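Biologist: I'd like to go through the salt bridges and the helix packing in this one. Can you walk me through it?

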Amino acid sequence: GGGVFKPATIIISMSVGTVRTIAAAFFPARRAGKIPPIAALRDIAQDTSAGSTTRRVIGLVLAIIGAGLLAKGLADDSAKFVGFGVLGLFLAVTTLGPVIAGPISRFLAWPIPRIKGITGVLARENAIRNPKRTASTAAALMIAVTLIGFITVFADSAKASVDQSINQNFNGDFLIDSQTFGQGGLPVTMADELNALPEVQDAAGVRVGQAQIAFGAETVAGVDPAVIFDVVDVGDIQGDTAGLNADDTIALSADQAEEFGLGIDDTINVRFPSSTEVKEFRIVALYEREDAINVNIPIDYLFGLPAYEANFEDQYDNQVIVTLAEGISPEEGRAAIEAVTDDYPLAKVQDQAELKANQAKQINQFLALIYLLLGLAVIIAFVGIINTLGLSIYERTRELGLMRAVGMSRRQLRSSIRWEAVIIALLGTALGLVLGIVFSFSLVTVLESQGFNTFRLPIGQLLILSIVAAGLAVLMAAWPARRAARLDVLQAIATE
């Protein structure tokens with residue numbers, strides 16, 4: 001459809017922007033109002049925020065609350081509490097920024113004096129001397145890197161989880177996907193055609209639909225129990241899956257059964273889209289892995305074909321899983337399968353490697369959009385670094401002039417400013433990466449029941465992120481450094 005532009009969009013945007021700007025100005029205004037008149041007349045700024053007892057107490061309280069909520073979320077598998085816990089930790093790090101900025105900056109900057117000599121020493125000491133300014137400058141970058149690091153690690157863990165699930169659950173050689181969900185699909189006769197081929201040992205179709213269970217719409221599947229468990233590995237099975245050949249039976253995932261407090265021979269009520277009647281089904285089996293039946297979505301409720309055909313008007317296979325006969329090469333098997341599927345435009349034949357690549361492609365498409373949006377946050381962060389360095393140069397005019405007067409060259413001064421920007425960028429990047437990794441690890445842990453079974457750190461990507469952050473810091477510091485180097489020495493050190 002066309003674009004929609006309402007007056008409320010303008011009103012809300014302007015209101016939020018104005019209110020947030022006023023709120024952001026409150027603390028600097030309060031700080032400015034507390035400056036003693038004599039101190040304001042002097043060209044000296046002294047930062048004592050790192051030693052603030054109030055800041056330390058508030059930061060510690062926020063850290064304890066955040067850690068407690070995070071622990072509760074991990075214990076209860078609650079993504080909500082994990083989110084609140086990470087928010088608490090993030091606020092704690094922000095509050096304690098001036099306290100931790102000095103020690104962390106000193107640690108991150110230890111090789112710089114060895115690389116750049118006296119200019120490296122000055123860059124490090126300038127970053128450490130005013131920890132509040134350093135922390136506030138790094139904060140915007142920390143937010144951006146936290147989000148980018150979280151998305152990067154979470155997405156890589158998602159890809160690793162998909163690969164692990166396919167390796168663990170998928171016993172077939174090929175998957176034929178309908179590339180649809182809910183509407184249309186593959187004809188149910190395709191599985192019979194494939195089973196008739198001498199190159200094929202088993203071909204099992206999976207039908208997918210929606211039904212109301214426990215007051216909510218749930219995804220259910222219909223399968224042939226005589227074949228499906230030969231081509232997928234659902235883990236431990238309790239009960240007898242042969243019972244699914246009746247039209248009043250159902251199998252549940254073990255996790256879903258535990259959530260409902262149900263077991264073998266208990267009953268569960270189901271209402272289908274084709275009728276207002278609520279039907280009762282007897283549970284004949286429980287299976288361990290709900291993500292094994294269908295590669296696109298976990299299946300917690302499994303019907304045999306008699307029950308599925310009796311309650312759904314449309315009969316299509318969402319997927320067909322194929323296992324080749326013994327001695328048949330993948331090339332021969334694909335050729336035989338495609339001779340059947342070529343008549344069906346929606347059918348997409350994939351082996352295990354192609355299946356993994358296709359799942360990864362979907363995640364990468366999502367990542368591209370997220371990175372595009374987060375790129376703006378990175379730009380804002382580095383604009384903040386430019387502004388802060390520019391202001392700090394104005395504040396340190398006499399100091400910079402004095403260093404030039406005692407023999408510091410323009411080149412050394414520019415180098416010092418650039419390396420100070422690198423230290424600030426490394427501080428923001430380091431804090432952001434830690435928070436992003438903690439957040440992603442916690443979320444992957446609590447989403448284990450949703451198929452996230454592997455946590456993986458993309459070391460290479462995170463290293464590139466750190467290098468890019470440092471490189472952009474040097475680039476963004478070029479203007480402030482050039483401005484500092486062009487200061488007139490006599491005017492800079494003049495007192496009147």
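Modeller: Sure, and a word on naming comes before anything else: helices (H or I, at least four residues) and strands (E, at least two) are DSSP runs, numbered from the N terminus. This is a predicted model, in which local features need pLDDT of at least 70, side-chain atom pairs count only at pLDDT 80 or more, and totals for chains, interfaces and linings use all residues. Residues are numbered from 1 along each chain as its sequence is written, and side-chain values use heavy atoms, with hydrogens and water left out.

Biologist: How many salt bridges does the count come to?

Modeller: Side chains of opposite charge can pair when their charged atoms come close. The rule here asks for a side-chain nitrogen of Lys or Arg within 4 Å of a carboxyl oxygen of Asp or Glu. By that rule, the count of salt bridges comes to 11.

Biologist: Take aspartate 76 and lysine 72: which helix do both lie in?

Modeller: These two form a salt bridge, with 2.9 Å between the closest N and O atoms. On burial, the scheme says buried is under 20% relative accessible area, exposed is over 50%, and partly exposed is in between (1.4 Å probe, protein chains only). Aspartate 76 is partly exposed at 43%, and lysine 72 is partly exposed too, at 37%. They sit four residues apart, about one turn of the helix, and both lie in α3 (residues 53–76).

Biologist: And aspartate 317 with arginine 207: are both buried or exposed?

Modeller: Their side chains meet in a salt bridge at 3.4 Å, N to O. Aspartate 317 is in the loop between α12 (305–311) and β9 (319–324) and arginine 207 is in strand β2 (residues 200–213), so the pair ties together parts 110 residues apart in sequence. As for accessibility, both aspartate 317 and arginine 207 are buried.

Biologist: Which residues are linked with Arg334 in a network of salt bridges?

Modeller: Start with the arginine 334 and glutamate 354 side chains, which meet at 2.6 Å, N to O. That pair links distant parts of the chain, 20 residues apart, with arginine 334 in helix α13 (residues 330–341) and glutamate 354 in helix α14 (residues 352–395). Glutamate 354 is partly exposed, at 32% relative accessible area. Linked with Arg334 in the network are Glu338, Asp351 and Glu354.

Biologist: On to packing. How are the residues of the contact of α4 with α16 divided into nonpolar, polar and charged?

Modeller: Axes are lines fitted to C-alpha atoms, for helices over the stretch in contact, and angles run from 0 to 180 degrees between N-to-C directions. The axes of α4 (residues 79–95) and α16 (residues 410–446) come within 10 Å and cross at roughly 165°, which makes α4 roughly antiparallel to α16 (under 35 degrees is roughly parallel, over 145 roughly antiparallel, 65 to 115 roughly perpendicular, the rest oblique). Contact means heavy atoms within 4.5 Å, and among the residues making this one are Val86 and Phe90 of α4 and Leu435 and Phe439 of α16. With Ala, Val, Leu, Ile, Met, Phe, Trp, Tyr, Cys and Pro as nonpolar, Asp, Glu, Lys and Arg as charged, and the others, Gly among them, as polar, the split is 10 nonpolar, one polar and no charged.

Biologist: How many charged residues has the contact of α16 with α18?

Modeller: α16 and α18 (residues 478–485) pack at about 145°, with axes 8 Å apart. Arg410, Arg414 and Arg418 of α16 and Arg482 of α18 are among the residues that make the contact. Six residues there are nonpolar and none polar, and the charged ones number four.
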